[in-house]
Amino acid sequence: MGITNSNKELSTNHIDCGDSFQVKLSLTAEPDIVNNPTDIVLILDRSRSMAGSPFANLKNGAKKFIEIIDEATDGTKDGEIGLGSRIGIVSFSDTATQDTQLITSVAELNAAVDALTTSSYTNHADAFTKALQLFDPSSNNARVMVMFTDGQTTVGGDATPVAEAAKAQGVTIYCIGLSGNGGIDEQALNSWASSPASAYVVITPNDEELEDIFSDLAKNISKPGAKDIVIKDVISSCFKITSLSIPTKGTASLLSETSLQWKIDELGAHTSEGASLEFTVLHVGPCSGTIEVNESISYDDKDTIR
């Protein structure tokens, strides 16, 4: 399918009867890693709040990510990432460490992940700095950072300028957040990630989901961009769609007061690409209390198996 991330956001979690709110749909797609060799840096938070099951699940997720990329590049789990792609590991607490360079050995990458231990504070700026230093400016490989963190910056200052510098150099940044003991700074993750942030940021309160999140991201990074995308979104009869913005990619149209269709000819075929669509929804009652906004949402593209 080629879709690396999809998201649906509401502008509020509470409205009065008759009020309206915004809904935002977002998609991200990547080119085929087989035909577009990619250098990927996993940036892993090892601050003290990660101790225990979160850190164990993070390690499992990172190793699953590596395994999937290994198989995707040459069709076999042979322990070597093939066809020019590479992965590097950077970890951070109060300072960041380049635990590997950009390499192809799955055994070395897994050993680096297994050797990580938790300690101290959270320095996102140094993490991005060390990750950016791993990339070879002379390489034609696509460049991707996957930042994982469970907390807010406590030392090292604002990481946003470093993340912006990386994006200006063509680096695609994904951010995975775990709502940890110190809480997560969602605004910071949105500012660090590639645009639209809603398509490049995933936040979960449950560390048991980390392995699946890393797995899904790896599977989709390794697939080609999507073509002939059709999304149909149907909302509950308690609401109606009152306005529809022009999407950042493709075209959108209202099918009825409670349904819309979004079509995109091509997304992420040649480079990492995100798209978003916003629309306004009005509560028309008589229903009240806790109400599901969505009735259904469907996705289809040229490569979807039917």
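**Exercise 1.** Determine how the lining of the largest pocket divides by class.

*Solution.* Step 1: in this predicted model, local features need pLDDT of at least 70 and side-chain atom pairs count only at pLDDT 80 or more, whereas totals for chains, interfaces and linings use all residues. Residues are numbered from 1 along each chain as its sequence is written, and side-chain values use heavy atoms, with hydrogens and water left out.

Step 2: a pocket is an open set of points on a 1 Å grid over the protein atoms alone, where a 1.4 Å probe fits, with protein on both sides within 12 Å along at least five of seven lines; lining residues have an atom within 4 Å of a point.

Step 3: Ala, Val, Leu, Ile, Met, Phe, Trp, Tyr, Cys and Pro count as nonpolar, Asp, Glu, Lys and Arg as charged, and the others, Gly among them, as polar. The lining comprises 15 nonpolar, seven polar and two charged residues.

**Exercise 2.** Identify which residues lie nearest the centre of the largest pocket and which element supplies the largest share of its lining.

*Solution.* Step 1: of the 24 lining residues, I3, N5, S6, N7 and L27 lie nearest the centre.

Step 2: strands are DSSP runs of E with at least two residues, numbered from the N terminus. Strand β1 gives the largest share of the lining, six residues.

**Exercise 3.** Establish the strand order of the open sheet and explain which strands stand at its edges.

*Solution.* Step 1: strands pair if DSSP finds at least two bridges between them. Four strands, paired antiparallel, follow the order β11-β12-β9-β14.

Step 2: β11 (251-256) and β14 each have a single partner strand, so one side of each lacks a neighbour in the sheet.

Step 3: six bridges join β9 (residues 226-235) to β14, and V230 stands opposite D300 in β14.
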